[in-house]
Amino acid sequence: MNVRDKVLIVEDDEGIRKFLSTTLIANGYSVILADDGKSALELVSSHCPVCILLDLGLPDIDGNEIIRSIRSWTSIPILVISARTTEDDKAGALDLGADDYLTKPFSTVELLARIRTALRHARTPAGNDELSLTGSYHVGELTVDMRKHRVFLAGRDVGLTPNEFRIVSLLAAHAGQVLTYKYILRELWGPAASSDNKILRVHMANIRRKLEPNPDEPIYLFTEVGVGYRMADSEDFPPDSHI
Amino acid sequence: MCRNTAILLSILSLCIVVCYALSHLHDDNNPFAVPIFILGVAAISRFSDGYVCGIAASVIGVVCVNYMFTYPFWVFDMTLSGYPLTFTVMLLVSVIISTLTTQVKHQQRLMYEVKSESMRANLLRAVSHDIRTPLSSILGATSTLLESQDLDETARRDLLLEVHKDAQWLVRVTENILSVTKFSADGVKLKLTEEVVEEIVGSAITKFRKTGGSISIQVHKPQDILLVPMEATLIEQVLLNLLENVVFHGKCATRIDIDIAEEPSRVCFHVSDNGAGIAEGVLPHLFDGSYAAQDGTARDDSRNMGIGLSVCQSIVAAHGGGMSARNNPSGGATLSFWLPKRGGTEPS
């Protein structure tokens, strides 16, 4: 018999908790529930769930505190689910170590896709299986070849500059996850990098013009406005889609 | 306060200088001193706030006239015959003018408050209209689902789809209201950062696709990568509203063109469609929210027209830009907005 993946849902609103647990159970997960931060922290250590869905606005402990406290001892994927809408909140939670961020309201399709992405990353430390096996990342018609430092679209080299390649390869290694501007700048230009992300934006615009079939409707490199960037993963290319 | 003191000091010193210059022409009692100081007091009362400055000016003015410009010079002589009269006249002038000025300013503020109050009322009316319609449909559909057991599967599914659609609609309305609260609260300023224009346009299109927009979109942009200072999420919302506006009101529109045009001091965005166009009577009221507020006949097709476009208008205005709408000669409508290239001027 299949062992179901156990997901911890930390959410104080009963309606949302119900909807989340019903959806997850229907999709083959088992679920444990917490309605405040204190019991959430206890459940994390006693049940060792594979993934945590965390609402930031809890009655007792601030959500960001919970992320910090969980991150101090484990790398269990944390998906923040929140009604807080400012971009700084999102970037803040991601920089603290949350794996992903969903703003209420969101669709169940999106939720399930993000959970799968988070679990995949948690299980293959190198980023994703394919990357560690073959040294290249494929999605849709895009191939990021980490060994040759080349990016191909439908077999054709798109001709990225070295800096552009570094950005693309970083996003590919974390495909499916939103990387904040701050994170990208720090990873690529070191901790002393300026917080001015204008150069990154311009690079990104150039990259899109080179590797997106239609740069005005990106399908590989998504912008989370005010937060950061995300590289498409297999979730964005479901087998039955026409893209 | 600083401004008041500056006005007081500069005008008084001007009076003293003028009187001093004139006193060289007339050796005896300076006949110009009193009228010049009365004029000075009047000016101070007019340009300063409140009464204090005017009254202070009249006291100082009387002292100056007495001390410097009335015989015997450089001596205080409280027994001069015209002294009480001069003082009273100056005081009255200052009080009367201060009162008038204060009243006018008060009236202006009232006018402004009434105007923004009516804007707010319009917006609220549009919002409640935009919310009530889908809410009643959700309530109706869910109670039918709960109460009628003998519905067939297709009917149940239709009702659920309707609920889903209305809930999505409510999400849109809420997003719009939220984006307005980001900057319309007192003392909140836009956080302008230089953004790559095509990135924001692309992101808006992606969001538009996610909510089910399937119309083909062509973007025409300049070769150079354009950076414009803006609050990205808000401008994204503007673009999204304009795209959705085409879906809801363009009726038979089959394509949308987004033109990004760079001008010396600003960047213009034109969103045009090949749909039904906008009724001429509606054009002038498109952005002020009053159209949706009229309600009545405009029920379904006024959805989003009111709040969506008036939200666009306030976002763009907060960036120091402008908005316009027109019908294309070849059919369909073009909604345009522009943003200043260098740091948006704060609207007054």
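In this predicted model, Ala141(B) counts as partly exposed, because 19 C-beta neighbours lie inside 10 Å of this residue, whereas a buried residue is one with 20 or more other C-beta atoms within that distance. The place of Ala141(B) is in helix H4 of chain B, which covers residues 83-147. When neighbours within four places in sequence are left aside, Ala141(B) is in contact with Leu159(B), Glu162(B) and Val163(B). For one of these partners, Leu159(B), the separation from Ala141(B) along the chain is 18 residues, while the C-alpha atoms of the two residues are separated by 5.6 Å.

Chain B as a whole contains nine helices and seven strands. Of the 348 residues in this chain, 33% are buried. Among the contacts in chain B with a separation of 6 or more, 73% are accounted for by residues 24 or more positions apart.

The contact between the two chains involves 16 residues from chain A and 19 residues from chain B. On the side of chain B that touches chain A, at least two residues each are supplied by helix H5 (153-184), strand E1 (193-196), helix H6 (197-210) and helix H7 (232-249) of chain B. The element that gives the most to this side is H6(B), with eight residues. In terms of residue character, the side of chain B that touches chain A divides into ten nonpolar, five charged and four polar residues.

Chain A is assigned two domains, with domain 1 spanning residues 5-123 and domain 2 spanning residues 129-236. The centres of these two domains of chain A, taken over C-alpha atoms, are separated by 26 Å. Where the domains of chain A meet, twelve residues of domain 1 are in contact with eleven residues of domain 2. Helix H4 (87-96), strand E5 (100-103) and helix H5 (108-123) of chain A each supply at least two residues of the side of domain 1 that touches domain 2, and the largest share of that side, five residues, comes from H4(A). The residues on this side of domain 1 of chain A divide into six charged, four nonpolar and two polar. For residues 134-233 of chain A, an unreviewed UniProt entry lists "domain: OmpR/PhoB-type". Over these residues of chain A, the chain is 36% helix and 25% strand, and the end C-alpha atoms are 16 Å apart.

Helix H2 of chain A, which covers residues 37-47, has Gly37(A), Ala40(A) and Val44(A) as its buried residues. Seen down the axis of H2(A), these buried residues fall within an arc of 50°, and they therefore line one face of the helix. The face turned away from the buried side of H2(A) carries the exposed residues Glu42(A), Ser45(A) and Ser46(A). The elements that cover the buried residues of H2(A) include strand E1 (5-10), strand E2 (29-34), strand E3 (51-55) and helix H3 (63-71) of chain A. Just after H2(A), Cys48(A) takes a positive phi of about 45°.

Strand E3 of chain A also holds Asp55(A), a residue that an unreviewed UniProt entry lists for "modified residue: 4-aspartylphosphate". Asp55(A) is buried, because 25 other C-beta atoms lie within 10 Å, and the cut-off for a buried residue is 20 or more. Apart from its neighbours within four places in sequence, Asp55(A) is in contact with Val10(A), Glu11(A), Asp12(A), Gly63(A), Ile81(A) and Ser82(A).

The largest nonpolar core of the model has 104 residues, and those with the most contacts inside this core are Leu54(A) and Leu79(A). The element that gives the most to this core is H7(B), with nine residues. Apart from this core lies another, of 21 residues, which includes Cys19(B), Phe37(B), Ile38(B) and Ile44(B). When residues up to four places away in sequence are not counted, Leu54(A) touches Val10(A), Gly63(A), Ile66(A), Ile78(A), Leu79(A), Val80(A) and Ile81(A). Val10(A), Gly63(A) and Ile81(A) are thus among the residues that touch Leu54(A) and also among those in contact with Asp55(A).

Notes. Residues are numbered from 1 along each chain as its sequence is written. Chains are lettered from A and ligands numbered from 1 in the order in which they are written. This is a predicted model: local features need pLDDT of at least 70, side-chain atom pairs count only at pLDDT 80 or more; totals for chains, interfaces and linings use all residues. Two residues are in contact if their C-beta atoms, placed from the backbone, lie within 7 Å. Helices (H or I, at least four residues) and strands (E, at least two) are DSSP runs, numbered from the N terminus. Ala, Val, Leu, Ile, Met, Phe, Trp, Tyr, Cys and Pro count as nonpolar, Asp, Glu, Lys and Arg as charged, and the others, Gly among them, as polar. Domain bounds come from an automatic or database domain assignment. A nonpolar core is a set of buried Ala, Val, Leu, Ile, Met, Phe, Trp, Tyr and Cys residues joined through C-beta atoms within 7 Å. A residue is buried if 20 or more other C-beta atoms lie within 10 Å of its own, exposed if 12 or fewer, and partly exposed in between; C-beta atoms are placed from the backbone. The arc is that of the directions from the helix axis to the C-beta atoms. UniProt positions are given in the numbering used here, feature names are shortened, and annotations may be inferred rather than shown by experiment.
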